[in-house]
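I am opening a fresh page for this structure. My notes follow the order in which I looked things up.

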Amino acid sequence: MDWTKQAQHDFQSMPAEGSDLIMSARAELITAEGPYFRGIDADASLPRWMTVRPLASTSPGGPHIVDLAGGRGWLIYTFMRRHADPQIVVTEAFWA
């Protein structure tokens, strides 16, 4: 998983509660069979404090958002399919 400079800075500035949840969400994303969680209830296997959905419903293959702790925080990421090394890039990290 890679991070934009701004997302990395925001993550490093978070309180421990937020950064711990983000690291847990990161572990879920990088081990998921398909990080876009397509289909109805596709994210049902995720922990109850984490949901994943497309950022825009018109672009199911585009950026996705991981809502954390009922919307208290989130990660926005894109998934790039590459044969040898798929890559997830976090473009925004937030915790309130």
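**Entry 1: F11 and its ring partner.** I started with F11. Its relative accessibility is 14%, so F11 counts as buried, the cut-off being under 20%. I am working from a predicted model, and I keep that in mind throughout.

Next I searched for aromatic pairs. The count comes to two. In one of them, the ring centres of W3 and F11 are 5.1 Å apart. Their planes stand at 35 degrees, so I noted this pair as tilted.

The other pair is W74 with F94, and this one is stacked. I read 4.3 Å from centre to centre and 25 degrees between the planes. W74 sits in strand 4 and F94 in strand 5. The two are 20 residues apart, so I logged the pair as a link between distant parts of the chain.

Are W74 and F94 buried or exposed? Neither word fits fully. W74 has 22% relative accessibility and counts as partly exposed. F94, at 33%, is partly exposed too.

**Entry 2: W3 and the core.** I went back to W3 and listed its contacts. Leaving out residues up to four places away in sequence, W3 touches Q8, F11, I22, L75, V90 and A93.

I then looked up the largest nonpolar core. It has 20 residues. Which of them have the most contacts inside it? They are W3, I22, M50, V66 and L75. I also checked which elements feed this core. Helix 1 (5-12), helix 2 (16-31), strand 2, strand 3, strand 4 and strand 5 (87-95) each supply at least two residues. A general point for the margin: in soluble globular proteins, nonpolar side chains tend to be buried together.

**Entry 3: the sheet.** I traced the strands next. Five of them form an open sheet, in the order 1-5-4-3-2, and the pairing is mixed. The edges are strand 1 (2-3) and strand 2, each pairing on one side only. General reminder: strands of a sheet pair through backbone hydrogen bonds, either parallel or antiparallel.

I took the pairs in turn. Strand 4 and strand 5 run antiparallel and are joined by eight bridges. There, M80 stands opposite Q87 of strand 5. Strand 3 pairs with strand 4 (73-80) in the antiparallel sense, over five bridges. L68 has G73 of strand 4 as its bridge partner. Strand 2 (50-54) also pairs with strand 3 in the antiparallel sense, again over five bridges. In that pairing I found T51 opposite D67.

I paused at the hairpin of strand 3 and strand 4. Four residues lie between the strands. One of these entries needed a flag: A69 takes a positive phi near 50 degrees.

**Entry 4: strand 3 up close.** How many of the residues of strand 3 (64-68) are buried? Five of its five are, and I wrote the strand down as mostly covered. I then sorted the side chains by direction. H64, V66 and L68 point one way. I65 and D67 point the other way.

**Entry 5: the helices on the sheet.** Helix 1 lies across strand 1 and strand 5. It runs at about 45 degrees to strand 5. Helix 2 packs on the sheet and touches strand 1, strand 2, strand 3, strand 4 and strand 5. Its direction makes about 155 degrees with that of strand 5.

**Entry 6: salt bridges.** I searched the whole structure and got two salt bridges. In one, E17 pairs with R72, and the closest N and O atoms are 2.8 Å apart. E17 lies in helix 2, while R72 lies in the loop between strand 3 and strand 4. The pair therefore ties together parts that are 55 residues apart in sequence. E17 is partly exposed at 44%, and R72 is partly exposed at 35%.

The other salt bridge joins the side chains of D67 and R53, at 3.3 Å from N to O. D67 belongs to strand 3 and R53 to strand 2, 14 residues apart. What does accessibility say about each partner? D67 has 16%, so D67 counts as buried. R53 has 39% and is partly exposed. Last margin note, again general: side chains of opposite charge can pair when their charged atoms come close.

Note on methods: Residues are numbered from 1 along each chain as its sequence is written. This is a predicted model: local features need pLDDT of at least 70, side-chain atom pairs count only at pLDDT 80 or more; totals for chains, interfaces and linings use all residues. Side-chain values use heavy atoms; hydrogens and water are left out. Buried means under 20% relative accessible area, exposed over 50%, partly exposed in between (1.4 Å probe, protein chains only). Two strands pair if DSSP finds at least two bridges between them. A nonpolar core is a set of buried Ala, Val, Leu, Ile, Met, Phe, Trp, Tyr and Cys residues joined through side-chain atoms within 4.5 Å. Contact means heavy atoms within 4.5 Å. Axes are lines fitted to C-alpha atoms, for helices over the stretch in contact, and angles run from 0 to 180 degrees between N-to-C directions. Rings of Phe, Tyr and Trp (its six-membered ring) pair if their centres lie within 6.5 Å; planes under 30 degrees apart count as stacked, over 60 as edge-to-face and the rest as tilted. A salt bridge is a side-chain nitrogen of Lys or Arg within 4 Å of a carboxyl oxygen of Asp or Glu.
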